[in-house]
Amino acid sequence: MSSQSLRDARRYEEENEQYILPEERPAFHLSSRVGWMNDPNGFSWYNGQCHLFYQYHPYDSHWGPMHWGHAVTTDFLHWKYLPAALAPDSFYDRDGCFSGGALAMKDGRHMLMYTGVRKETAPNYRTKEVQTQCVAFGDGENYEKYPGNPVISWEDLPPESSKYDFRDPRIWQEKDGTYKAATVSYSLRKYREVVHDRNKNNSDGLLASTQIHEEEEGGQVLLFSAQDPLHWKFERKLAVNGYRIGRMWECPDLFELDGKQVLLASAMDMLPDGLEYHNGNGTFCLIGSIDPETGRFVSEADQSVDYGMDFYAEQTVLTPDGRRVMIAWMQNWDTCNLHTKSIPWFGQMTLPRELSIRNGRLYQWPVRELLSLRRDEVRHENVRIEDEEVELDGIKGRLVDMELELKVGEKDKEGHYGFHKFAIHFAKDDRYHTGISYRPSESTLKVDRKFSGSRRAIIHQRRAYTKPQDGVLRLRVIIDRFSVEVFVNDGEKVMTMTYYTDIRADRISFFADGAAEFSVTKYRLEEEQ
Ligand code: FRU
(Lines give C-alpha, C1' and ligand atoms only; values in the text may rest on other atoms or scores of the structure.)
Protein backbone atom coordinates (compact mmCIF):
# COMPACT_ATOMS: atom_id res chain seq x y z
CA MET A 1 0.00 0.00 0.00
CA SER A 2 1.51 3.30 -1.01
CA SER A 3 1.21 6.26 1.36
CA GLN A 4 -0.61 9.52 0.70
CA SER A 5 2.77 11.30 0.42
CA LEU A 6 3.94 8.92 -2.29
CA ARG A 7 0.62 9.16 -4.15
CA ASP A 8 0.86 12.96 -3.98
CA ALA A 9 4.40 12.94 -5.36
CA ARG A 10 3.44 10.56 -8.16
CA ARG A 11 0.44 12.67 -9.13
CA TYR A 12 2.50 15.84 -8.99
CA GLU A 13 5.27 14.55 -11.26
CA GLU A 14 2.77 13.13 -13.74
CA GLU A 15 0.83 16.38 -13.96
CA ASN A 16 3.85 18.67 -14.10
CA GLU A 17 6.43 17.00 -16.33
CA GLN A 18 4.55 18.26 -19.40
CA TYR A 19 5.61 21.82 -18.54
CA ILE A 20 9.25 20.96 -19.24
CA LEU A 21 9.85 20.87 -22.98
CA PRO A 22 12.26 18.20 -24.28
CA GLU A 23 14.59 20.89 -25.63
CA GLU A 24 14.81 22.41 -22.15
CA ARG A 25 16.44 19.22 -20.90
CA PRO A 26 19.73 17.49 -21.65
CA ALA A 27 19.34 15.19 -24.68
CA PHE A 28 21.10 12.08 -23.40
CA HIS A 29 21.90 12.75 -19.76
CA LEU A 30 19.23 11.88 -17.20
CA SER A 31 17.70 14.97 -15.58
CA SER A 32 15.14 15.31 -12.82
CA ARG A 33 11.64 14.35 -14.00
CA VAL A 34 10.39 17.51 -12.29
CA GLY A 35 11.93 19.64 -9.55
CA TRP A 36 15.28 18.79 -8.04
CA MET A 37 17.71 15.85 -8.38
CA ASN A 38 20.92 15.02 -6.55
CA ASP A 39 22.74 11.72 -5.95
CA PRO A 40 22.18 8.62 -8.06
CA ASN A 41 20.74 5.82 -5.90
CA GLY A 42 20.12 2.10 -6.32
CA PHE A 43 22.02 1.78 -9.62
CA SER A 44 21.28 -1.90 -10.38
CA TRP A 45 20.22 -4.45 -12.99
CA TYR A 46 16.87 -6.02 -12.28
CA ASN A 47 14.62 -8.02 -14.62
CA GLY A 48 16.60 -7.12 -17.75
CA GLN A 49 16.72 -3.38 -17.16
CA CYS A 50 19.10 -1.01 -15.53
CA HIS A 51 17.36 0.87 -12.72
CA LEU A 52 18.51 4.22 -11.47
CA PHE A 53 16.86 5.99 -8.57
CA TYR A 54 17.85 9.45 -7.48
CA GLN A 55 17.60 11.92 -4.62
CA TYR A 56 14.51 13.86 -5.57
CA HIS A 57 12.43 16.80 -4.43
CA PRO A 58 9.63 16.86 -6.99
CA TYR A 59 7.90 20.01 -5.74
CA ASP A 60 10.71 22.52 -6.20
CA SER A 61 13.92 22.93 -8.16
CA HIS A 62 15.79 23.28 -4.85
CA TRP A 63 16.74 20.59 -2.32
CA GLY A 64 13.93 19.63 0.07
CA PRO A 65 12.50 16.55 1.83
CA MET A 66 14.11 13.74 -0.09
CA HIS A 67 12.09 11.26 -2.12
CA TRP A 68 13.53 8.65 -4.49
CA GLY A 69 12.86 9.40 -8.18
CA HIS A 70 13.09 6.46 -10.55
CA ALA A 71 14.11 5.79 -14.17
CA VAL A 72 15.10 2.74 -16.23
CA THR A 73 17.28 2.21 -19.28
CA THR A 74 18.76 -0.61 -21.32
CA ASP A 75 21.42 1.42 -23.16
CA PHE A 76 22.42 4.11 -20.60
CA LEU A 77 21.32 6.85 -23.02
CA HIS A 78 17.55 6.57 -23.35
CA TRP A 79 15.87 6.74 -19.98
CA LYS A 80 12.23 6.07 -19.13
CA TYR A 81 10.83 7.70 -16.02
CA LEU A 82 8.92 5.48 -13.64
CA PRO A 83 6.77 6.78 -10.77
CA ALA A 84 8.65 8.02 -7.69
CA ALA A 85 9.68 5.01 -5.61
CA LEU A 86 9.94 6.33 -2.05
CA ALA A 87 8.50 9.28 -0.12
CA PRO A 88 9.42 10.43 3.40
CA ASP A 89 6.25 9.09 4.97
CA SER A 90 7.24 7.01 8.02
CA PHE A 91 8.38 7.82 11.53
CA TYR A 92 11.97 6.75 10.85
CA ASP A 93 12.34 8.61 7.52
CA ARG A 94 9.85 11.45 7.98
CA ASP A 95 12.53 14.06 7.18
CA GLY A 96 13.98 12.34 4.15
CA CYS A 97 14.82 9.15 2.30
CA PHE A 98 18.53 9.73 1.72
CA SER A 99 20.89 7.89 -0.59
CA GLY A 100 21.30 4.15 -0.79
CA GLY A 101 21.65 1.12 -3.00
CA ALA A 102 19.62 -1.68 -4.57
CA LEU A 103 19.97 -5.36 -5.19
CA ALA A 104 18.21 -7.97 -7.35
CA MET A 105 17.33 -10.72 -4.88
CA LYS A 106 17.38 -14.42 -5.67
CA ASP A 107 13.68 -14.69 -4.75
CA GLY A 108 12.81 -12.24 -7.57
CA ARG A 109 12.31 -9.13 -5.45
CA HIS A 110 14.17 -5.85 -5.88
CA MET A 111 15.59 -4.71 -2.57
CA LEU A 112 16.36 -1.09 -1.71
CA MET A 113 18.41 0.03 1.27
CA TYR A 114 18.38 3.74 2.04
CA THR A 115 19.04 6.16 4.86
CA GLY A 116 16.01 7.23 6.86
CA VAL A 117 16.37 10.72 8.31
CA ARG A 118 14.54 11.98 11.38
CA LYS A 119 15.16 15.37 12.92
CA GLU A 120 15.78 15.51 16.64
CA THR A 121 16.10 18.59 18.83
CA ALA A 122 19.24 18.52 20.91
CA PRO A 123 19.27 19.96 24.49
CA ASN A 124 20.76 23.20 23.11
CA TYR A 125 17.65 23.50 20.85
CA ARG A 126 19.69 22.87 17.74
CA THR A 127 18.11 20.45 15.30
CA LYS A 128 20.14 17.45 14.25
CA GLU A 129 19.33 14.66 11.85
CA VAL A 130 19.39 11.10 13.18
CA GLN A 131 20.28 8.75 10.35
CA THR A 132 19.45 5.02 10.22
CA GLN A 133 19.39 2.41 7.46
CA CYS A 134 16.05 1.13 6.16
CA VAL A 135 14.91 -1.37 3.56
CA ALA A 136 12.06 -1.66 1.06
CA PHE A 137 11.17 -4.48 -1.32
CA GLY A 138 9.44 -4.25 -4.67
CA ASP A 139 8.83 -5.38 -8.21
CA GLY A 140 10.78 -2.70 -10.10
CA GLU A 141 8.00 -0.11 -9.81
CA ASN A 142 6.25 -0.32 -6.45
CA TYR A 143 8.13 -0.75 -3.20
CA GLU A 144 6.92 -1.63 0.31
CA LYS A 145 8.95 -0.38 3.23
CA TYR A 146 9.67 -3.04 5.83
CA PRO A 147 7.44 -2.30 8.86
CA GLY A 148 10.30 -3.18 11.23
CA ASN A 149 12.57 -0.41 9.87
CA PRO A 150 15.22 0.70 10.60
CA VAL A 151 17.30 -2.43 10.09
CA ILE A 152 20.56 -0.75 11.12
CA SER A 153 20.47 2.03 13.66
CA TRP A 154 23.02 4.09 15.50
CA GLU A 155 23.08 1.54 18.33
CA ASP A 156 24.81 -0.81 15.88
CA LEU A 157 27.68 1.61 15.30
CA PRO A 158 31.19 1.06 16.66
CA PRO A 159 32.17 3.30 19.61
CA GLU A 160 32.81 6.99 18.98
CA SER A 161 30.74 7.10 15.78
CA SER A 162 28.25 9.90 15.31
CA LYS A 163 24.58 9.00 15.03
CA TYR A 164 24.02 12.13 12.96
CA ASP A 165 26.40 11.24 10.15
CA PHE A 166 25.68 7.65 9.22
CA ARG A 167 24.36 7.12 5.73
CA ASP A 168 24.43 6.06 2.08
CA PRO A 169 24.44 2.22 2.25
CA ARG A 170 25.78 0.42 -0.78
CA ILE A 171 24.54 -3.19 -0.82
CA TRP A 172 25.59 -6.39 -2.53
CA GLN A 173 25.41 -10.13 -2.01
CA GLU A 174 28.45 -12.41 -1.71
CA LYS A 175 28.67 -15.71 -3.59
CA ASP A 176 27.81 -17.58 -0.36
CA GLY A 177 24.57 -15.57 -0.10
CA THR A 178 25.71 -13.20 2.69
CA TYR A 179 24.34 -9.67 2.33
CA LYS A 180 26.81 -6.81 2.74
CA ALA A 181 26.31 -3.10 3.20
CA ALA A 182 29.05 -0.47 3.14
CA THR A 183 28.00 2.81 4.72
CA VAL A 184 29.77 6.02 5.62
CA SER A 185 29.87 7.36 9.12
CA TYR A 186 31.74 10.00 11.09
CA SER A 187 34.31 8.88 13.63
CA LEU A 188 34.62 11.18 16.62
CA ARG A 189 37.83 9.47 17.73
CA LYS A 190 40.80 11.75 17.97
CA TYR A 191 43.44 11.43 15.35
CA ARG A 192 46.88 12.64 16.33
CA GLU A 193 49.40 13.56 13.71
CA VAL A 194 52.93 14.52 14.67
CA VAL A 195 54.64 16.55 12.00
CA HIS A 196 58.40 17.19 12.15
CA ASP A 197 59.74 19.88 9.90
CA ARG A 198 62.95 18.28 8.69
CA ASN A 199 64.23 21.52 7.23
CA LYS A 200 64.47 23.07 10.65
CA ASN A 201 66.90 20.76 12.44
CA ASN A 202 69.15 22.39 15.01
CA SER A 203 72.88 22.06 14.50
CA ASP A 204 72.95 19.36 17.17
CA GLY A 205 70.49 17.34 15.10
CA LEU A 206 67.44 17.84 17.37
CA LEU A 207 64.16 18.60 15.69
CA ALA A 208 63.50 22.28 16.09
CA SER A 209 59.98 22.29 14.83
CA THR A 210 57.47 19.66 15.81
CA GLN A 211 53.76 20.26 15.39
CA ILE A 212 50.97 18.11 16.69
CA HIS A 213 47.68 18.15 14.86
CA GLU A 214 44.79 16.64 16.71
CA GLU A 215 41.42 16.29 15.04
CA GLU A 216 38.55 13.87 14.89
CA GLU A 217 39.17 11.03 12.47
CA GLY A 218 36.26 12.12 10.32
CA GLY A 219 34.84 10.01 7.52
CA GLN A 220 34.97 6.25 7.72
CA VAL A 221 33.52 3.40 5.70
CA LEU A 222 31.81 0.70 7.78
CA LEU A 223 30.90 -2.77 6.67
CA PHE A 224 27.74 -4.51 7.89
CA SER A 225 26.63 -8.04 7.05
CA ALA A 226 23.45 -10.11 7.24
CA GLN A 227 22.29 -13.66 6.54
CA ASP A 228 18.85 -12.33 5.61
CA PRO A 229 18.12 -8.78 4.47
CA LEU A 230 16.43 -7.77 7.74
CA HIS A 231 18.99 -8.70 10.41
CA TRP A 232 22.24 -6.81 10.15
CA LYS A 233 25.32 -6.62 12.32
CA PHE A 234 28.38 -4.44 12.28
CA GLU A 235 31.33 -6.36 10.85
CA ARG A 236 34.33 -4.02 10.68
CA LYS A 237 35.75 -0.69 9.64
CA LEU A 238 36.87 -0.83 6.04
CA ALA A 239 38.64 2.51 5.88
CA VAL A 240 39.15 5.55 8.09
CA ASN A 241 39.93 8.98 6.75
CA GLY A 242 42.12 10.40 9.48
CA TYR A 243 41.71 13.80 7.84
CA ARG A 244 43.66 12.85 4.77
CA ILE A 245 40.91 13.57 2.23
CA GLY A 246 38.33 16.08 3.42
CA ARG A 247 36.33 15.63 6.65
CA MET A 248 33.13 13.56 6.38
CA TRP A 249 32.82 11.07 3.52
CA GLU A 250 29.63 10.25 1.59
CA CYS A 251 28.35 7.69 -0.91
CA PRO A 252 30.86 4.81 -0.73
CA ASP A 253 31.28 2.14 -3.38
CA LEU A 254 33.55 -0.89 -3.19
CA PHE A 255 34.30 -3.34 -6.00
CA GLU A 256 36.97 -5.40 -7.67
CA LEU A 257 38.35 -4.15 -10.96
CA ASP A 258 41.18 -5.55 -13.05
CA GLY A 259 42.60 -7.48 -10.09
CA LYS A 260 42.48 -4.55 -7.65
CA GLN A 261 40.04 -3.47 -4.96
CA VAL A 262 38.60 -0.03 -5.61
CA LEU A 263 36.97 2.19 -2.99
CA LEU A 264 35.15 5.24 -4.29
CA ALA A 265 33.62 7.90 -2.07
CA SER A 266 32.84 11.58 -2.03
CA ALA A 267 34.55 13.82 0.50
CA MET A 268 33.16 16.96 2.11
CA ASP A 269 35.21 20.00 3.11
CA MET A 270 38.41 19.15 1.31
CA LEU A 271 41.55 21.24 1.40
CA PRO A 272 43.42 21.51 -1.88
CA ASP A 273 46.38 19.27 -2.62
CA GLY A 274 48.17 20.60 -5.71
CA LEU A 275 45.75 20.18 -8.58
CA GLU A 276 44.74 16.68 -7.41
CA TYR A 277 42.13 17.65 -4.83
CA HIS A 278 40.26 20.94 -4.70
CA ASN A 279 38.63 22.94 -1.95
CA GLY A 280 35.13 21.84 -1.03
CA ASN A 281 33.32 18.69 -2.10
CA GLY A 282 34.87 16.16 -4.44
CA THR A 283 35.06 12.49 -5.27
CA PHE A 284 38.09 10.30 -4.72
CA CYS A 285 39.23 6.81 -5.54
CA LEU A 286 41.45 4.50 -3.49
CA ILE A 287 43.07 1.64 -5.38
CA GLY A 288 44.51 -1.23 -3.37
CA SER A 289 43.59 -4.45 -1.66
CA ILE A 290 41.83 -5.74 1.45
CA ASP A 291 44.21 -6.91 4.18
CA PRO A 292 43.24 -10.56 4.79
CA GLU A 293 44.03 -10.27 8.51
CA THR A 294 42.46 -6.98 9.51
CA GLY A 295 39.87 -6.72 6.73
CA ARG A 296 40.98 -3.10 6.25
CA PHE A 297 41.35 -1.48 2.87
CA VAL A 298 45.05 -1.01 2.11
CA SER A 299 45.41 1.88 -0.28
CA GLU A 300 48.23 1.81 -2.82
CA ALA A 301 47.16 4.92 -4.71
CA ASP A 302 44.56 7.64 -4.43
CA GLN A 303 43.30 10.16 -6.95
CA SER A 304 40.43 12.44 -7.80
CA VAL A 305 37.76 10.75 -9.87
CA ASP A 306 36.91 13.85 -11.88
CA TYR A 307 38.92 17.06 -12.17
CA GLY A 308 36.08 19.35 -13.23
CA MET A 309 33.61 21.12 -10.94
CA ASP A 310 30.43 19.10 -11.34
CA PHE A 311 30.83 15.52 -10.26
CA TYR A 312 29.70 14.06 -6.94
CA ALA A 313 28.13 11.08 -5.17
CA GLU A 314 29.11 8.41 -7.72
CA GLN A 315 27.61 4.91 -7.92
CA THR A 316 28.60 1.94 -10.05
CA VAL A 317 26.84 -1.08 -11.49
CA LEU A 318 28.16 -4.31 -12.98
CA THR A 319 26.46 -4.85 -16.34
CA PRO A 320 25.38 -8.33 -17.50
CA ASP A 321 28.27 -8.25 -20.02
CA GLY A 322 30.78 -7.63 -17.22
CA ARG A 323 31.47 -3.89 -17.44
CA ARG A 324 31.83 -1.77 -14.30
CA VAL A 325 29.88 1.38 -15.16
CA MET A 326 29.88 4.52 -13.03
CA ILE A 327 27.40 7.38 -12.94
CA ALA A 328 27.40 10.47 -10.70
CA TRP A 329 25.44 13.58 -9.93
CA MET A 330 26.69 16.08 -12.53
CA GLN A 331 26.64 18.92 -10.03
CA ASN A 332 28.23 19.63 -6.72
CA TRP A 333 26.98 21.12 -3.46
CA ASP A 334 29.42 24.00 -3.99
CA THR A 335 28.04 24.81 -7.43
CA CYS A 336 24.28 24.63 -6.89
CA ASN A 337 24.05 28.39 -7.21
CA LEU A 338 24.51 27.93 -10.92
CA HIS A 339 20.79 27.35 -10.86
CA THR A 340 18.99 29.82 -13.14
CA LYS A 341 15.33 30.75 -13.10
CA SER A 342 14.95 29.91 -16.79
CA ILE A 343 15.47 26.18 -16.11
CA PRO A 344 12.43 24.58 -14.40
CA TRP A 345 14.37 21.47 -13.28
CA PHE A 346 17.71 21.20 -11.53
CA GLY A 347 20.19 18.34 -11.42
CA GLN A 348 21.41 15.89 -14.02
CA MET A 349 23.51 12.75 -14.07
CA THR A 350 26.84 12.32 -15.82
CA LEU A 351 27.17 10.12 -18.84
CA PRO A 352 27.62 6.56 -17.56
CA ARG A 353 31.32 5.68 -17.85
CA GLU A 354 33.11 2.36 -18.22
CA LEU A 355 35.88 1.92 -15.67
CA SER A 356 39.23 0.16 -15.84
CA ILE A 357 42.54 0.24 -13.99
CA ARG A 358 45.61 1.03 -16.07
CA ASN A 359 49.04 2.07 -14.90
CA GLY A 360 47.76 2.13 -11.32
CA ARG A 361 45.08 4.69 -12.18
CA LEU A 362 41.32 4.67 -12.62
CA TYR A 363 40.47 5.16 -16.29
CA GLN A 364 37.03 6.21 -17.50
CA TRP A 365 35.48 6.11 -20.93
CA PRO A 366 31.94 6.96 -22.10
CA VAL A 367 29.76 3.85 -22.34
CA ARG A 368 30.31 2.29 -25.75
CA GLU A 369 26.57 2.66 -26.49
CA LEU A 370 27.23 6.36 -27.16
CA LEU A 371 28.81 5.45 -30.51
CA SER A 372 25.30 4.50 -31.73
CA LEU A 373 24.21 8.16 -31.46
CA ARG A 374 27.04 9.43 -33.69
CA ARG A 375 25.94 10.97 -36.98
CA ASP A 376 27.45 13.13 -39.78
CA GLU A 377 31.19 12.66 -39.27
CA VAL A 378 33.29 15.73 -40.10
CA ARG A 379 37.10 15.44 -40.09
CA HIS A 380 39.73 18.14 -40.43
CA GLU A 381 43.31 16.93 -40.49
CA ASN A 382 46.50 18.74 -39.60
CA VAL A 383 44.87 22.13 -39.19
CA ARG A 384 47.51 24.80 -38.52
CA ILE A 385 46.54 28.02 -36.81
CA GLU A 386 48.73 30.83 -35.55
CA ASP A 387 47.69 33.65 -33.23
CA GLU A 388 44.12 33.37 -34.40
CA GLU A 389 40.68 31.96 -33.63
CA VAL A 390 39.03 29.93 -36.40
CA GLU A 391 35.76 28.11 -36.97
CA LEU A 392 35.90 25.01 -39.17
CA ASP A 393 33.35 23.86 -41.75
CA GLY A 394 30.74 21.51 -40.30
CA ILE A 395 31.95 21.92 -36.71
CA LYS A 396 29.21 23.35 -34.56
CA GLY A 397 26.35 22.16 -32.37
CA ARG A 398 25.23 21.61 -28.80
CA LEU A 399 24.99 17.81 -29.08
CA VAL A 400 28.49 16.81 -30.02
CA ASP A 401 31.03 14.01 -29.68
CA MET A 402 34.41 15.39 -30.80
CA GLU A 403 37.86 13.84 -30.81
CA LEU A 404 40.86 16.09 -31.00
CA GLU A 405 44.57 15.38 -31.32
CA LEU A 406 46.71 18.36 -30.48
CA LYS A 407 50.39 18.25 -31.43
CA VAL A 408 52.27 19.55 -28.44
CA GLY A 409 55.71 18.36 -29.56
CA GLU A 410 58.92 18.99 -27.64
CA LYS A 411 60.38 22.19 -26.23
CA ASP A 412 62.79 24.02 -28.55
CA LYS A 413 66.31 25.10 -27.54
CA GLU A 414 64.96 28.14 -25.73
CA GLY A 415 62.60 25.92 -23.74
CA HIS A 416 59.46 27.01 -25.62
CA TYR A 417 56.68 25.06 -27.25
CA GLY A 418 55.22 26.15 -30.59
CA PHE A 419 52.30 27.71 -28.76
CA HIS A 420 51.64 29.22 -25.38
CA LYS A 421 47.94 28.37 -25.20
CA PHE A 422 45.46 26.39 -27.29
CA ALA A 423 41.72 26.69 -26.68
CA ILE A 424 38.40 25.29 -27.88
CA HIS A 425 35.39 27.53 -27.38
CA PHE A 426 31.93 26.01 -27.67
CA ALA A 427 28.34 26.84 -26.64
CA LYS A 428 29.38 30.07 -28.31
CA ASP A 429 27.65 33.07 -29.77
CA ASP A 430 28.71 36.68 -29.95
CA ARG A 431 28.35 37.07 -26.20
CA TYR A 432 28.99 33.70 -24.57
CA HIS A 433 31.38 30.84 -24.81
CA THR A 434 32.50 27.90 -22.70
CA GLY A 435 36.14 26.89 -22.94
CA ILE A 436 38.74 24.15 -22.68
CA SER A 437 42.34 25.33 -22.91
CA TYR A 438 45.78 23.77 -22.73
CA ARG A 439 49.04 25.44 -21.70
CA PRO A 440 51.97 23.16 -22.56
CA SER A 441 54.53 25.05 -20.47
CA GLU A 442 52.40 24.42 -17.35
CA SER A 443 51.05 21.01 -18.49
CA THR A 444 47.60 22.17 -17.46
CA LEU A 445 44.24 21.65 -19.05
CA LYS A 446 41.54 24.06 -17.94
CA VAL A 447 37.76 24.02 -18.21
CA ASP A 448 36.17 27.44 -18.01
CA ARG A 449 32.55 28.56 -17.80
CA LYS A 450 33.20 32.12 -16.81
CA PHE A 451 31.59 33.38 -20.01
CA SER A 452 28.73 30.88 -20.05
CA GLY A 453 26.07 33.20 -18.70
CA SER A 454 26.48 32.58 -14.97
CA ARG A 455 25.59 35.56 -12.77
CA ARG A 456 26.97 34.02 -9.60
CA ALA A 457 30.40 34.33 -8.00
CA ILE A 458 30.97 30.58 -7.73
CA ILE A 459 33.88 28.62 -9.10
CA HIS A 460 33.96 28.84 -12.89
CA GLN A 461 37.36 27.46 -13.80
CA ARG A 462 39.38 24.45 -12.86
CA ARG A 463 42.73 23.05 -13.98
CA ALA A 464 44.25 19.57 -14.08
CA TYR A 465 47.81 18.42 -14.78
CA THR A 466 47.83 16.84 -18.18
CA LYS A 467 50.81 15.58 -20.15
CA PRO A 468 50.75 14.75 -23.85
CA GLN A 469 51.57 11.18 -24.85
CA ASP A 470 54.25 10.89 -27.53
CA GLY A 471 53.93 14.61 -28.09
CA VAL A 472 50.16 14.49 -28.68
CA LEU A 473 47.35 15.49 -26.33
CA ARG A 474 44.15 13.56 -27.03
CA LEU A 475 40.77 14.86 -25.96
CA ARG A 476 37.30 13.42 -26.40
CA VAL A 477 34.78 16.15 -25.74
CA ILE A 478 31.15 15.18 -25.13
CA ILE A 479 28.79 18.13 -25.26
CA ASP A 480 25.13 17.92 -24.29
CA ARG A 481 22.89 20.99 -24.04
CA PHE A 482 24.00 21.96 -20.56
CA SER A 483 27.25 20.09 -19.92
CA VAL A 484 30.65 19.07 -21.17
CA GLU A 485 32.69 16.01 -20.20
CA VAL A 486 36.31 16.07 -21.38
CA PHE A 487 38.06 12.67 -21.48
CA VAL A 488 41.81 13.16 -21.60
CA ASN A 489 44.33 10.71 -23.11
CA ASP A 490 42.02 7.71 -23.52
CA GLY A 491 40.32 8.32 -20.17
CA GLU A 492 43.30 8.88 -17.90
CA LYS A 493 41.52 11.94 -16.50
CA VAL A 494 38.06 13.45 -16.94
CA MET A 495 36.89 17.03 -16.41
CA THR A 496 33.16 17.59 -16.09
CA MET A 497 31.29 20.87 -15.97
CA THR A 498 27.74 22.09 -16.40
CA TYR A 499 26.66 25.44 -17.83
CA TYR A 500 23.26 26.81 -18.69
CA THR A 501 23.99 29.04 -21.68
CA ASP A 502 21.08 29.73 -24.07
CA ILE A 503 20.99 26.65 -26.32
CA ARG A 504 21.05 28.80 -29.45
CA ALA A 505 24.73 29.47 -28.69
CA ASP A 506 26.10 26.54 -30.70
CA ARG A 507 29.26 27.70 -32.47
CA ILE A 508 32.62 26.03 -31.87
CA SER A 509 36.00 27.69 -32.46
CA PHE A 510 39.70 26.86 -32.09
CA PHE A 511 42.24 29.36 -30.86
CA ALA A 512 46.04 29.40 -30.60
CA ASP A 513 48.36 31.85 -28.93
CA GLY A 514 51.41 30.91 -31.05
CA ALA A 515 51.41 28.25 -33.76
CA ALA A 516 49.46 25.03 -33.15
CA GLU A 517 48.53 22.01 -35.24
CA PHE A 518 45.63 19.70 -34.56
CA SER A 519 43.25 17.20 -36.15
CA VAL A 520 39.61 16.98 -35.19
CA THR A 521 36.76 14.56 -35.84
CA LYS A 522 33.30 15.70 -34.90
CA TYR A 523 29.98 13.86 -34.78
CA ARG A 524 26.54 15.22 -34.15
CA LEU A 525 24.81 13.19 -31.46
CA GLU A 526 21.31 12.12 -32.43
CA GLU A 527 18.69 12.82 -29.80
CA GLU A 528 15.87 10.49 -30.82
CA GLN A 529 16.17 7.13 -32.50
C1 FRU B 1 25.47 13.42 -0.94
C2 FRU B 1 24.40 13.47 0.12
C3 FRU B 1 24.29 12.12 0.80
C4 FRU B 1 22.89 12.13 1.32
C5 FRU B 1 22.15 12.89 0.25
C6 FRU B 1 21.03 13.76 0.73
O7 FRU B 1 25.31 14.34 -1.95
O8 FRU B 1 24.69 14.49 1.05
O9 FRU B 1 25.26 11.86 1.77
O10 FRU B 1 22.41 10.83 1.49
O11 FRU B 1 23.11 13.69 -0.41
O12 FRU B 1 20.27 14.26 -0.31
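The paragraphs below lead through a predicted model, starting at its ligand and moving on to a sheet and a single residue in a strand.

The ligand is a convenient place to begin, and the residues around it are Asn38, Asp39, Gln55, Trp63, Met66, Phe98, Ser99, Arg167, Asp168, Glu250, Tyr312 and Trp333. Sorted by the character of their side chains, the residues of this shell divide into 5 nonpolar, 3 polar and 4 charged. Several of these residues bring polar side-chain atoms to oxygen atoms of the ligand, and the distances can be followed one by one. In aspartate 39, a polar side-chain atom lies 2.7 Å from an oxygen atom of the ligand, and in arginine 167 the corresponding distance from a polar side-chain atom to a ligand oxygen is 2.8 Å. For tryptophan 63, an N or O atom of the side chain is 3.1 Å from an oxygen atom of the ligand. Taken on its own, the ligand has 320 Å² of accessible area, and the protein covers 95% of it. Two or more residues of the shell come from each of the elements β1 (36–46), β5 (97–104) and β9 (161–173).

From the ligand, the reader can turn to a sheet elsewhere in the numbering. Here 4 strands form an open sheet, arranged in the order β13-β14-β15-β16, and their pairing is antiparallel. The edges of this sheet are β13 (249–257) and β16 (297–304), each of which pairs on one side only. From one strand to the next, the twist averages 25°. As a general matter, the strands of a sheet pair through backbone hydrogen bonds, and they may do so in a parallel or an antiparallel manner. In this sheet, strand β15, which spans residues 280–290, pairs with β16 in the antiparallel sense over 7 bridges. To locate this pairing in the model, one may look for phenylalanine 284, which stands opposite serine 304 in β16.

The last stop is threonine 496, a residue that lies in strand β29, made up of residues 493–498. Is threonine 496 buried or exposed? Threonine 496 counts as buried because its relative accessibility is 0%, and the cut-off for that term is under 20% relative accessible area. The side chain of threonine 496 also takes part in polar contacts with the side chains of two residues that stand apart from it in the numbering: aspartate 306, at 2.6 Å, and arginine 353, at 2.7 Å.

Key:
Residues are numbered from 1 along each chain as its sequence is written. This is a predicted model: local features need pLDDT of at least 70, side-chain atom pairs count only at pLDDT 80 or more; totals for chains, interfaces and linings use all residues. Side-chain values use heavy atoms; hydrogens and water are left out. A residue is near a molecule or strand if one of its heavy atoms lies within 4 Å of it. A polar contact is a pair of N or O atoms within 3.5 Å; within protein, one must be able to donate a hydrogen and the other to accept it, and residues adjacent in sequence count only if both atoms are side-chain atoms. Accessible areas come from the Shrake-Rupley method with a 1.4 Å probe; for residues, only the protein chains shown count as cover. Ala, Val, Leu, Ile, Met, Phe, Trp, Tyr, Cys and Pro count as nonpolar, Asp, Glu, Lys and Arg as charged, and the others, Gly among them, as polar. Two strands pair if DSSP finds at least two bridges between them. Axes are lines fitted to C-alpha atoms, for helices over the stretch in contact, and angles run from 0 to 180 degrees between N-to-C directions. Buried means under 20% relative accessible area, exposed over 50%, partly exposed in between (1.4 Å probe, protein chains only).
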